[in-house]
Amino acid sequence: MSRYQSVVEPFALAHVRVISGDESGTVRNNMTVLVNAAGRIEQVAPSIETSIPEEYHYLDGTGKTVMPGLINAHTHLFAQGKPLNPKLATPQGQRMVAGLVHSALGKPYMASTVAQNAKTLLESGVTTIRTLGDVRYEVVELRDKIAAGEIAGPRILASGPLLAIPEGHGAPLIALTSSTPEEARECALRNIEHGVNAIKIAATGGVTDAQKIGEAGSPQMSVEQMRAICEVAHDNGIIVGAHAQSTEGVRRALEAGVDTIEHGSVLNDELIGLFRHNPNSLRGYSALVPTLSAGLPLTMIDQKVTGITDIQLENSKTVVEGMVTGARQAHEAGLVVGVGTDTGMTFVPQYATWRELVLLVRFAGFTPAQAIHAATQVNAQMLGVDDVTGSLEIGKAADLLVLNMNPLEDLHALERPALVVAAGRPVFRPNVERFQQIDELLDRVYE
């Protein structure tokens, strides 16, 4: 079997410890997982009771742990996660970069970049992602190539450009902009016509492109504009994620009917009630994706090292405190809390999804089992792909993460997978390019 195969061949993964990804952390020892030629899970049963068909490749998993592949619900594939240049985050800087990446030379460069970053996510153990802000529709094209088995990568829910107000968060580099509900509706329709299966709204300002203190978290898009977007998306069965970094911004986005709040803020009883029962959302509730990985480095690492501006630092202090508090409050209230890292942002490498689980344990009160549950079964339900992935059940896609140690005992076990299987296609000896300085910095501040 080659390192990556476009043709799925049936195999048996024998004598493994199985972690199902439930909230209580159920473990079953000495199990065998059969994966059929359709790339689906055929059986998960005690090894002693399993007969392996002759034509199946036999993989001895003695001493290994198998769990569902990780799901990252907040990614960007246009950058690797090295520090972003603050000068390029200004409206002028974004316009310049946008001109380059939208050019004839920029398009193939961006197609290559997103494919490489998706492959990095896969080889780090992530078998499903949602992007929330792409340059154009390069990730839609990548999604379809991966689904067809042409290249290696995770299952993708692709957003295309996010939807913002003129000069708002993400504009103009990764956003379509609108000033009225009708224009907002047209932007949403344009994305859907280009084949997106995720939608992202910038409900408030953000840290990365803030040009004045207080801009991050300040409401930007009106409730009416956001409601128009949500209606179009929901009519097409697509959930809407909203960048929202203040209590008021979260309230407006929830009132509009968004399905996931990205980053979040300090919650109150009204907001907790709206998360739990949101009549304008697609499924009647909304979820929180805290992205602690994107916020904490900006306040925990020295500014000389991060390279962020004084304005970005001041904005991040307020925003990050709200993100951490909101994550803890949401978990304590029993709300749906998903896992996303905001990959590609400063100090958020594509390969470091595992860190978010560690941060949820340290800062938001999760147990390791609850963090794994959130990154697998909860994320699958939240994204509407739980009929296909998120758990090790017969008939579901064989999205498997094989580890050398038990992550319930130490989440660092997730850092270097022994084997990753995506839709039945094994990636042997998964290996990613790591940024040693960034990893050492993060290890130090999170100790």
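In this predicted model, Arg-185 pairs up with Glu-182 in a salt bridge, with 3.8 Å between the closest N and O atoms. That sits inside the 4 Å cut-off used for such pairs. Both residues belong to helix H4, which covers residues 181–193, and they are three residues apart, or about one turn of the helix. Neither end is tucked away: Arg-185 is partly exposed at 26% relative accessibility, and Glu-182 is partly exposed too, at 45%.

Helix H6 has a pairing of its own. Here Arg-252 forms a salt bridge with Glu-248, and the closest N and O atoms are 2.9 Å apart. The two residues are four places apart in H6 (residues 247–256), so about one helical turn separates them. Arg-252 has a relative accessible area of 28%, which makes it partly exposed, and Glu-248, at 31%, also counts as partly exposed. The story doesn't stop with this pair, though: salt bridges with shared partners tie Glu-248, Arg-251, Arg-252 and Glu-255 together into one network.

H6 also packs against a second helix, H7 (residues 269–276), with the two axes 10 Å apart and at an angle of about 30°. Because angles under 35 degrees count as roughly parallel, H6 runs roughly parallel to H7. The crossing of H6 past H7 is left-handed. On the H6 side, the contact is made by Thr-247, Val-250, Arg-251, Leu-254 and Glu-255, while H7 brings in Glu-270, Leu-271, Leu-274 and Phe-275. Sorted by class, that gives five nonpolar residues, one polar and three charged. Arg-251 and Glu-255 turn up in this contact as well as in the salt-bridge network.

Salt bridges in the model come to twelve by the rule applied here. One of them joins the side chains of Arg-155 and Asp-399, with an N to O distance of 2.7 Å. This one links distant parts of the chain, its partners being 244 residues apart: Arg-155 is in strand E8 (residues 155–157), and Asp-399 is in the loop between helix H12 (368–383) and strand E15 (400–403). The two ends also differ in how they are covered. Arg-155 is partly exposed, at 22% relative accessibility, whereas Asp-399 is buried, at 3%; the line between the two classes falls at 20%. As a general point, side chains of opposite charge can pair when their charged atoms come close.

Away from the charged pairs, two buried residues are worth a look. Thr-376 lies in helix H12, the helix just before the loop that holds Asp-399. With 0% relative accessibility, Thr-376 counts as buried. Setting aside neighbours within four places in sequence, Thr-376 is in contact with Gly-21, Met-67, Pro-68, Gly-69, Ile-71 and Gly-390.

Leu-162 is the other one, and its place is in strand E9 (residues 162–164). Its relative accessible area is 1%, so Leu-162 is buried. Not counting residues up to four places away in sequence, Leu-162 touches Leu-132, Gly-133, His-169, Ile-174, Ala-175, Leu-176, Lys-200 and Ala-202. Between those last two positions in the chain comes Ile-201, whose C-alpha atom is 5.7 Å from that of Leu-162, although the two residues are 39 apart along the chain.

Terms used:
Residues numbered from 1 in each chain as written. Predicted model: local features only at pLDDT ≥ 70, side-chain atom pairs only at ≥ 80, totals over all residues. Heavy atoms only, no water. Buried < 20%, exposed > 50% of the residue type's maximum accessible area, 1.4 Å probe, protein only. Axes fitted to C-alpha atoms, helices over the stretch in contact; angles between N-to-C directions. Parallel < 35°, antiparallel > 145°, perpendicular 65-115°, else oblique. Left-handed = near helix turned anticlockwise from the far one by under 90°. Contact = heavy atoms within 4.5 Å. Nonpolar A, V, L, I, M, F, W, Y, C, P; charged D, E, K, R; others polar.
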